[in-house]
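Colleague: Could you take a close look at one part of this model for me? I would like the start of the chain and its surroundings.

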Amino acid sequence: MGFSIWQWIIVLIIVVLIFGTKKLRNIGEDLGGAVKGFKKGLQEGDNDAGKDAAPRQVDAKEAGGETIDAVAEKENA
């Protein structure tokens with residue numbers, strides 16, 4: 001039970017009458033900017049993930065049954 005093209009046109013006309021074209025244009029620009037920023041953040045996050053990978057936690061079984069208490073520090077080279 002989808003909408004026909006005429007029903008979509010009527011809905012579009014009502015939305016334009018309620019909000020106005022300027023308001024709709026601003027909403028579209030804001031939404032587009034948010035999507036671009038989100039994609040850019042994802043790409044930067046993927047690039048940084050390999051550089052700043054967190055050290056893997058080792059449980060007692062992997063350490064030979066002994067508990068190791070240590071603090072990892074990043075070396076500045």
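Modeller: What follows goes from the first helix to its nonpolar face, then to the aromatic rings and the whole chain.

This is a predicted model. Helix H1 covers residues 5-19. H1 has 15 residues and reaches 21 Å from its first C-alpha to its last. That is close to the 21 Å expected at 1.5 Å a residue. Just after H1 comes Gly-20, with a positive phi of about 85°.

Now the nonpolar side chains. Ile-5, Trp-6, Ile-9, Ile-13 and Leu-17 make a nonpolar surface patch of about 580 Å². An α-helix has 3.6 residues a turn, so residues three or four places apart point the same way. Trp-6 belongs to the patch and is found in H1. Its relative accessible area is 61%. Exposed means over 50%, so Trp-6 counts as exposed.

Next, the rings. The count comes to 1 aromatic pair. Phe-3 and Trp-8 form this pair, with ring centres 5.1 Å apart. Their planes lie at 75°, so the pair is edge-to-face. Phe-3 is itself exposed, at 57% relative accessibility.

Last, the setting. The protein chain has 2 helices and 0 strands. Buried residues make up 0% of its 77 residues. The protein chain exposes about 7,700 Å². Carbon and sulfur atoms supply 60% of that area.

Note on methods
Residues are numbered from 1 along each chain as its sequence is written. This is a predicted model: local features need pLDDT of at least 70, side-chain atom pairs count only at pLDDT 80 or more; totals for chains, interfaces and linings use all residues. Side-chain values use heavy atoms; hydrogens and water are left out. Patches are made of residues with over 30% relative accessible area and no salt bridge: like charges are joined within 9 Å, nonpolar side chains (Val, Leu, Ile, Met, Phe, Trp, Tyr) within 5 Å. Accessible areas come from the Shrake-Rupley method with a 1.4 Å probe; for residues, only the protein chains shown count as cover. A salt bridge is a side-chain nitrogen of Lys or Arg within 4 Å of a carboxyl oxygen of Asp or Glu. Helices (H or I, at least four residues) and strands (E, at least two) are DSSP runs, numbered from the N terminus. Buried means under 20% relative accessible area, exposed over 50%, partly exposed in between (1.4 Å probe, protein chains only). Rings of Phe, Tyr and Trp (its six-membered ring) pair if their centres lie within 6.5 Å; planes under 30 degrees apart count as stacked, over 60 as edge-to-face and the rest as tilted. The expected span of a helix is 1.5 Å times one less than its number of residues.
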